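User: I'd like a close look at one small part of this protein, chosen by you. Could you start from a residue with an unusual backbone and walk me outward from there, explaining your reasoning as you go?

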Amino acid sequence: MEFACKDFKVGKCEGEKLVHSETMPLVLQPPAAEKNDADSLVAALKENKEWFEEMIIKNSAVLLRGFDVKSAVDFNEIIEAFGWDDIRYVGPAPRTHVYKRVWTANEGPLSEFIYYHHEMVLITESPKKVILYCEIPPPEGGETPFVPSFRVTERMLEEFPDVVEDLDKKGLMYSFTALSKNDTSSMRGRGWEDTFGTSDPKEAEKRASALGMDLEWLPNGGVKAVLGPRSLTRVFDGRKGRRMWFNTMVGMHGKEHSSAKMADGTEIPTKFVKRCEEIIEEESIQFKWQKGDVLFLDNMALLHGRRPSLPPRKVLVTTCK
């Protein structure tokens with residue numbers, strides 16, 4: 001499968017890396033100045049759907065840059081060009097619905113770092129693609145760094161082969177707390193009603209069960225969700241048999257409102273978690289957002305996060321099956 005087609009020109013961006021001969025992110029630009037409008041982009045995507053999806057899987061990240069994508073309406077048209085099924089976000093991050101399939105990204109304080117994660121990694125059905133659109137780029141910081149997940153597995157196996165295999169065999173058990181009501185001053189401030197899309201506790205329990213989690217109701221009106229066992233690594237079709245670091249161990253281990261342990265209740269060695277955190281950061285890739293950028297991430301292959309930034313910053317998101 002070729003890297004380019006007549007409707008796109010391959011470009012470059014500061015911060016891109018070559019990982020095992022794959023450019024991350026692959027930057028695609030208009031083939032000519034008069035082809036940079038949103039309608040031309042949508043037509044090109046419809047014409048080259050299979051090729052474009054191959055590029056996402058091959059390079060794990062594809063950045064559309066230089067197109068005149070002005071609004072959530074334009075972004076939604078880009079998403080719908082592919083015919084991919086929508087998948088509703090379930091998790092603790094505060095988000096607001098914007099337009100049709102478009103939502104705000106995590107609305108937690110911009111001063112805080114959102115740690116690397118595969119989107120909805122704890123849920124039995126995670127989205128295959130995370131698509132981000134930059135409407136207002138931040139004046140400083142605010143990058144969306146991402147990490148080739150297989151590289152984390154490779155390096156952890158080099159340094160901790162026995163612990164990795166033991167964890168993968170036993171599985172991981174997670175828990176997190178959802179508040180009684182939304183609190184956008186917190187990175188994990190989404191209330192349980194918004195998380196599960198209902199104000200009925202019984203219905204919330206039913207929906208949680210379908211997603212592979214059990215709920216424990218708390219005296220303060222919040223709820224503790226317990227999930228597991230979950231695997232440490234996974235291999236997905238079409239991705240060269242690579243063993244992905246498909247977990248959120250570092251992000252949830254030993255935190256105030258979350259936890260990650262071995263499924264048998266054994267604590268995960270602190271040294272193991274700390275070194276994993278270092279490796280993830282060492283393998284990270286990032287670029288500066290520009291207005292109109294649209295970034296496609298293969299959620300099966302990449303962890304992603306958010307750097308602290310100065311306001312304003314407006315990045316919208318959708319997740320697809």
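Analyst: **One loop and its surroundings**

His-20 lies in the loop between strand 2 (17-19) and strand 3. Please keep in mind that this is a predicted model. The phi angle of His-20 is near 50 degrees, a positive value in a residue that is not a glycine. As background, most residues other than glycine have a negative phi, and most peptide bonds are trans. Is His-20 buried, partly exposed or exposed? Its relative accessible area is 43%, which falls between the 20% and 50% cut-offs, so His-20 counts as partly exposed.

Moving along the chain, we come to strand 3 (22-24), and Pro-25 sits in the loop between that strand and strand 4 (26-29). Here the backbone has another feature to look at: Met-24 and Pro-25 are joined by a cis peptide bond, with omega about -5 degrees.

This stretch also has a partner from elsewhere in the sequence, Asn-59, which belongs to helix 2 (residues 49-59). The side chain of Asn-59 reaches the backbone oxygen of Thr-23 at 2.9 Å. The C-alpha atoms of Asn-59 and Ser-21 are 9.3 Å apart, although 38 residues separate the two along the chain. Asn-59 has a relative accessibility of 0%, under the 20% cut-off, so it counts as buried.

Now go back to strand 2, on the other side of the His-20 loop. Strand 2 is one of the elements against which the buried residues of helix 4 pack; the others are strand 10 (146-148), helix 5 (161-170), strand 15, helix 9 (270-282) and strand 18. Which residues of helix 4 (149-159) are buried? They are Ser-149, Phe-150, Arg-151, Val-152, Thr-153, Arg-155 and Met-156. Two of the packing partners, strand 15 and strand 18, lead us to the next stops.

Strand 15 (243-244) comes after a loop that starts from strand 14 (234-235), and Lys-240 is in that loop. Like His-20, which has a positive phi, Lys-240 has a positive phi without being a glycine, here about 60 degrees. Lys-240 has a relative accessible area of 60%, over the 50% cut-off, so it is exposed. Arg-239 is found in the loop between strand 14 and strand 15 as well, but with 12% relative accessible area it is under the 20% cut-off and therefore buried. A polar atom of the Arg-239 side chain lies 2.7 Å from the backbone oxygen of Asp-237. Leaving out neighbours within four places in sequence, Arg-239 is in contact with Ile-57, Met-244, Asp-298 and Met-300. Ile-57 falls within helix 2, the helix that also holds Asn-59.

Strand 18 (residues 302-306) is where we find His-304. Its relative accessible area is 8%, so His-304 is buried, whereas His-20 is partly exposed. The side chain of His-304 makes a polar contact with the side chain of Glu-119 at 3.2 Å. Beyond its neighbours within four places in sequence, His-304 is in contact with residues including Tyr-115, Tyr-116, His-117, Val-130, Phe-146 and Leu-297. Gly-305, in strand 18 too, is buried at 4% relative accessibility. Apart from residues up to four places away, Gly-305 touches Ile-114, Tyr-115, Tyr-116, Glu-143, Thr-144 and Pro-145. The C-alpha atoms of Gly-305 and Ser-284, which are 21 residues apart along the chain, are separated by 9.7 Å.

After strand 18 there is a loop leading to strand 19 (314-320), and Pro-312 is found there. The peptide bond from Pro-311 to Pro-312 is cis, with omega near 0 degrees, so to speak a companion to the cis bond between Met-24 and Pro-25.

Finally, here is the setting for this tour. The chain has 9 helices and 19 strands. Its radius of gyration is 20 Å, close to the 20 Å that the globule rule gives for 321 residues, so the chain is as compact as a globular protein of that length. Buried residues make up 54% of those 321 residues. Among contacts with a separation of 6 or more, 77% come from residues 24 or more positions apart.

Note on methods: Residues are numbered from 1 along each chain as its sequence is written. This is a predicted model: local features need pLDDT of at least 70, side-chain atom pairs count only at pLDDT 80 or more; totals for chains, interfaces and linings use all residues. Side-chain values use heavy atoms; hydrogens and water are left out. Helices (H or I, at least four residues) and strands (E, at least two) are DSSP runs, numbered from the N terminus. The radius of gyration is taken over C-alpha atoms; the globule rule is 2.2 Å times the number of residues to the power 0.38. Buried means under 20% relative accessible area, exposed over 50%, partly exposed in between (1.4 Å probe, protein chains only). Contact means heavy atoms within 4.5 Å. A polar contact is a pair of N or O atoms within 3.5 Å; within protein, one must be able to donate a hydrogen and the other to accept it, and residues adjacent in sequence count only if both atoms are side-chain atoms.
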